[in-house]
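Grab a pencil and work through these exercises with the structure open beside you. Each one comes with a solution to check yourself against.

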Amino acid sequence: MSQATRVPQEQRTRAMRARLLDATVELLAERGFAGTSTTLVSQRAGVSRGAQLHHFPAKNDLVVAAVEHITEARGEALKEAARALPEGGRRTRQVLAMLAEQVTSPVFAAALELWVAARTDEQLAAAVGPLEQRIGRELHRATIELLDVDEKKPGVRELVQATLDLVRGLGLADTITDDAARRERILDHWAEVLERELR
C-alpha cells in the first residue's frame, strides 16, 4: 500500500473517532450515563456498529476517551482565550468567567455523569480516577498561570484550589437550574477576595 493511500485512510479513521467521541459527549450531557449506549453513539455519529466496536469495544472505553478528548480540546480553547485576557484589575474577574464557562458547558455535564457512575463501578472508577487527577492538575497549573501568581507563597495554592472548588460547585448548581445571576454575584465577590489576598 502506498503512502498516498494510507494517509487518507488515517484521516478517515481520525475523523470517524472524533465523530464517535463528540457524539458520546453530546449523549452523556443529554441523556446521562445510563441513557448513553454504544448503539445510540454509533447512530448519532453516523458510524457502523462494527466500526465503533473496533475502536471502542466497551462503553466505558468510549465514554472515558470521549471526555478526555473533549476536555483536551477545551483546554486548548482556554489557552487561546487566555491570550486575549487584559492585564490589570479586571483580569482576575475575567479568569473566573473563563473557568465558570468551563464548568457550565456540556463537557462538564458529561464528566459529571462519569463521576457519578464511577462511584459504584470499579472498572469505570479505575479509568476515570487517573484522568480526573491529571485534568485537575492541568487546570490548577493553568489557573496559576492565568492569575499570574506565585504558588510558592504561603496560602496561594490553597486559594487557587478553593477557587477551582468554588467554580466546580457553581457548575454543579447550574446542572439543576439556571443559576447564572447568583453565579455572577458570587464570582464578582470572589474576584475581590482574590485580588486582595493574592496581590
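**Exercise 1.** What covers the buried residues of α5? Keep in mind that you're looking at a predicted model.

*Solution.* Start with the helix itself: α5 runs over residues 91-103. From its first C-alpha to its last it reaches 19 Å, close to the 18 Å expected. Next, check burial: 10 of the 13 residues in α5 are buried, among them Val-95, Leu-96, Leu-99 and Val-103. Now look at what packs on them: the cover includes α4 (59-82), α6 (106-118), α7 (122-147), α8 (156-176) and α9 (180-198).

**Exercise 2.** Classify the pair formed by the rings of Phe-108 and Trp-115: stacked or edge-to-face?

*Solution.* You need two values, since a pair of aromatic rings is described by the distance of the centres and the angle of the planes. The count comes to 1 aromatic pair. Its rings, Phe-108 and Trp-115, have centres 5.6 Å apart and planes at 85°, so the pair is edge-to-face; the cut-off for that label is over 60 degrees. For burial, Phe-108 has 9% relative accessibility and counts as buried, while Trp-115, at 30%, counts as partly exposed.

**Exercise 3.** Which element gives the most to the lining of the largest pocket?

*Solution.* First, the volume: the largest pocket has about 680 Å³. The elements giving two or more residues to its lining are α4, α5, α6 and α7. Of the 26 lining residues, those nearest the centre include Thr-71, Gly-75 and Glu-138. The top contributor is α7, with 10 residues.

Key:
Residues are numbered from 1 along each chain as its sequence is written. This is a predicted model: local features need pLDDT of at least 70, side-chain atom pairs count only at pLDDT 80 or more; totals for chains, interfaces and linings use all residues. Side-chain values use heavy atoms; hydrogens and water are left out. Rings of Phe, Tyr and Trp (its six-membered ring) pair if their centres lie within 6.5 Å; planes under 30 degrees apart count as stacked, over 60 as edge-to-face and the rest as tilted. Buried means under 20% relative accessible area, exposed over 50%, partly exposed in between (1.4 Å probe, protein chains only). Helices (H or I, at least four residues) and strands (E, at least two) are DSSP runs, numbered from the N terminus. The expected span of a helix is 1.5 Å times one less than its number of residues. Contact means heavy atoms within 4.5 Å. On a 1 Å grid over the protein atoms alone, a cavity is a set of points where a 1.4 Å probe fits but cannot get out, and a pocket is an open set with protein on both sides within 12 Å along at least five of seven lines; lining residues have an atom within 4 Å of a point. Grid points are joined across faces, edges and corners, and a volume is the space filled by probe spheres set on the points.
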